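User: I would like to go through this model and ask, for several of the labels used, what they rest on.

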Amino acid sequence: MMVVSRRLVGAFSKSLQRDSEEHVDALLPSSSVPALHTHRRRLRTLTLRRLISCLAMTPVFVLLILLCQGIPPTYDDVRSFERRLTQHSLTIPPSTVDKTQLVHHPRYLRFPGHLWGHGLNNVLQEALLMSYLAYVSNVSFVFEDYTWTRTPLPWSMYGFALRPARIPLNAIISGPTAGGPMSHGSQAPLAVSAEFYEKTCGGPEAKPYVISSAFAPNEEDGSTIIEWWTQRLSSVQERCIEIDSTPHDLFDRFLFGGPRILSLWDSLISSPILSEFAWSPIVQSAVARNFALLRPDTVNDIYAASSSLHGLVAVHLRRGDYKRHCPNLAKWGARYMGFNQHPSLLDRFDSSPYEDDSVLKEEYYLAHCLPTIEQLVSVLRTVRREYRTQGAGTLKRVYVLSNERAWALGELKNALNDDGWEDVVSTVDLHLDAEQHHVSMAVDMAIAERAEVFIGNGFSSLSSNVVLLRMAKGMDVRSNRFL
């Protein structure tokens, strides 16, 4: 104890002496200023060294943060599946060939200017229409990866996390657009992958026949555009055909975003492109994995393509970039997406009463595009009441597909529970593995497609695609509503 006490007293004395010296230094005449400046320069040098060291370590810290969130999957097994599709076999076993007939190879149609770097549903709506054009033209559609970035690396960074730069299409969807079979006795050739096309048509002697979009009737309605391209393709006998969309997008956002596309409604939803459409096994397994959250009446409601999740209403709540996008829609005077304007659908968007008042006009747009929690509760209450009044059924549960933050969705859940809904779950509640996580938007859409009622955002391509798939599935038109 005595030794410790002496050490404490000594340390205290040294501290007093140091404070006294610092006080004396402060009172020194100006002759001691150079020494003070030298001390400050040393501090600045030390601070600069620390700053440089921190900057040098920043990439390391960022890399550690990214690695802690996990390396995205490569989907190599899905790529192997695509390579083994029967239509990708260039050699046919002799025992299967009729010696009296020539083996026929189809014509292949590729769209090198396809969308990439955009959201899934912008890419999906284009791919569905492109594959429909190939189908009605009796040529083989060349399907591509869903590409977020064309970096040579397998991953890219988005929102301080790694994501796959490219995802094989069969990790997201199945069916004719992704090389799946067609029923209905169709004789149309099956779609092939871009990898297969490049092997078949990319040799030094192969030269694809290129058709330019320069003279296509891009301002006409959808059926006229499809008819024009069908006639152009019918006159081409070359095996490998490519569309040059440099002069003009084959199917632009104005076509998808306006009523001109409605002329394709009947033929498109009755074609194998949509009637045989299916979500990938990865997506369907995610829906099945979350059966406890979705609460189906029977197991068949989860697995059977023709069944629905009774009592469930799925609502699409878009946030994120829509906080900036929705006010802009009001300024542009935008309308619902083209397919969402079909006359058979119950809800209409009409801002004409507010054209002379910009404030009221924006409020009207936001109520339908970026609704508040109170407005959402009111919409869901109205849909529940009207659905029951029509004798269509009783809605009890809500699934919210959204990119909203978890805490905000928690507030919405509490408000809906207070309004009498038995159960409310959302995107953030889903249990997903790594492969399912990176196609989670498709998982949301698969649930929305199976819900007894879907309430979409009329300005969204996601909602437009869900409505289209539900109608192709033969679901009651009254089950499709909008905010």
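User: Why is Leu115 called partly exposed, rather than buried or exposed?

Analyst: This is a predicted model, and in it Leu115 has a relative accessible area of 28%. Buried means under 20% and exposed means over 50%, so with 28% Leu115 falls in between and is called partly exposed.

User: Where does Leu115 lie, and which residues is Leu115 in contact with beyond its neighbours in sequence?

Analyst: Leu115 is placed in the loop between strand E1 (108-110) and H4. Once the neighbours within four places in sequence are set aside, Leu115 is in contact with Asn122, Val123 and Glu126. The C-alpha atom of Leu115 is also separated by 9.6 Å from that of Trp148, a residue 33 residues apart from Leu115 along the chain.

User: What makes H4 and H6 oblique to each other?

Analyst: H4 and helix H6 (residues 222-234) pack at an angle of about 50°, and their axes are 9 Å apart. Angles under 35 degrees would count as roughly parallel, and those of 65 to 115 as roughly perpendicular; an angle of about 50° is in neither range, and the two helices are therefore oblique.

User: Which hand does the crossing of H4 and H6 have, and which residues make the contact?

Analyst: The crossing is right-handed. On the H4 side the contact is made by Tyr132, Leu133 and Val136, while H6 contributes Ile226, Trp229, Thr230 and Leu233.

User: What makes up the largest nonpolar core, and which residues have the most contacts inside it?

Analyst: The largest nonpolar core has 93 residues, and Leu129, Phe251 and Trp279 are those with the most contacts inside it. Helix H4 (residues 120-136) supplies the largest share of this core, 9 residues. A second, separate core of 19 residues includes Val313, Val315, Val383 and Trp421. In soluble globular proteins, nonpolar side chains tend to be buried together.

User: Which residues does Trp279 touch, residues up to four places away in sequence not being counted?

Analyst: Trp279 touches Leu124, Ile172, Ile173, Ser174, Gln284, Ala442, Met445, Ala446, Glu449 and Leu469.

User: How do you know what part contacts between residues 24 or more positions apart play in the chain?

Analyst: Among the contacts with a separation of 6 or more, residues 24 or more positions apart account for 76%. The chain has 19 helices and 16 strands, and buried residues, those under 20% relative accessible area, make up 45% of its 483 residues. The accessible surface comes to about 25700 Å², of which 57% belongs to carbon and sulfur atoms.

Note on methods: Residues numbered from 1 in each chain as written. Predicted model: local features only at pLDDT ≥ 70, side-chain atom pairs only at ≥ 80, totals over all residues. Heavy atoms only, no water. Core = buried A, V, L, I, M, F, W, Y, C linked by side-chain atoms within 4.5 Å. Buried < 20%, exposed > 50% of the residue type's maximum accessible area, 1.4 Å probe, protein only. Helix = DSSP H or I, 4+ residues; strand = E, 2+ residues; numbered from the N terminus. Contact = heavy atoms within 4.5 Å. Areas by Shrake-Rupley, 256 points an atom, 1.4 Å probe, with all protein chains shown as cover. Axes fitted to C-alpha atoms, helices over the stretch in contact; angles between N-to-C directions. Parallel < 35°, antiparallel > 145°, perpendicular 65-115°, else oblique. Left-handed = near helix turned anticlockwise from the far one by under 90°.
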